[in-house]
Amino acid sequence: MRGQAEVVATATVVVVVVVGMIRGSEKEVTWCVARSEAGAMALEAEMDQVCGSGDADCAPVQPNGLCYLPNTLPSHASYAFNSYYQRSNANPAACDFHGTATITILNPSYGSCTYPSSISTAGGLISTPNTGGGDGGGLNPPVVGSTVPAIDMAVASHLCHPLLLAVCLCFVSLLF
């Protein structure tokens, strides 16, 4: 009986360690978008600063770019702010733009417009943070500040973790 209790204790520790490793390795993906209440003049000034400095990749919001439509200031500013934010290694301080931007866990991508979600998809790290400073494929982009997320496969993949835990528990039960 004592041997069985030791096996259960060991198996429990193994499950806890595996689950801890999985949870600890996850980093929540975030994006930086324009605040819905931000004024047009402030958004334009901040977007001009980040695009003009070259610290953000603003090519996708230029005419014929994949994120040009809708041709609205909040949409273009959101893309530019997010590009800068991702190039700043998703540092929360890089998503302020004098109060015109906010961090979200909702993927703002739509249609063929994909917002970068990491340094590697944003074109690399910028050297000095400066926080002052296409066709949608028939789909409509989310309204800035909207609560309706696009499908995010990174979030969907988290659903597999309970399955992994169940497999570990089944393994433990086979020990008896």
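Start by selecting C51 and C58: these two cysteines form a disulfide (a pair of cysteine sulfur atoms within 2.5 Å), with their sulfur atoms 1.9 Å apart. Before you go on, note that this is a predicted model, in which local features need pLDDT of at least 70 and side-chain atom pairs count only at pLDDT 80 or more, while totals for chains, interfaces and linings use all residues. Residues are numbered from 1 along each chain as its sequence is written, and side-chain values use heavy atoms, leaving out hydrogens and water.

Stay with the C51 and C58 link and check its torsion: about the S-S bond you should find -85°, a left-handed link. Now colour by accessibility, where buried means under 20% relative accessible area, exposed over 50%, and partly exposed in between (1.4 Å probe, protein chains only). C51 is partly exposed at 23%, whereas C58 is buried at 8%.

Next, select C32 and C95. Their sulfur atoms lie 2.0 Å apart in a disulfide, and the torsion about this S-S bond is about 90°, so the link is right-handed. Show the cartoon as well: C32 sits in strand β1 (residues 31-34) and C95 in the loop between α3 (73-87) and β2 (101-104), so the pair ties together parts that are 63 residues apart in sequence. Helices here are DSSP runs of H or I with at least four residues, strands are runs of E with at least two, and both are numbered from the N terminus. Is C32 buried or exposed? It is buried, with a relative accessibility of 0%; C95 is buried too, at 6%.

Now move to C67 and C113, which are joined by a disulfide with an S to S distance of 1.9 Å. C67 is in the loop between α2 (40-52) and α3, and C113 is in the loop between β2 and α4 (119-122), so this pair ties together parts that are 46 residues apart in sequence. The torsion about the S-S bond of C67 and C113 is 105°, making the link right-handed. Both of these cysteines are buried.

Zoom out with the cysteines still highlighted. The count comes to three disulfides, and numbering the bonded cysteines in sequence order gives the pairing 1-5, 2-3, 4-6.

Finally, select the whole protein. Tracing the cartoon from the N terminus, you meet elements in the order α-β-α-α-β-α-α-α, that is, six helices and two strands. Of the 176 residues, 32% count as buried. Switch on the surface to finish: the accessible area, from the Shrake-Rupley method with a 1.4 Å probe and, for residues, only the protein chains shown as cover, comes to about 10,100 Å², and 64% of that belongs to carbon and sulfur atoms.
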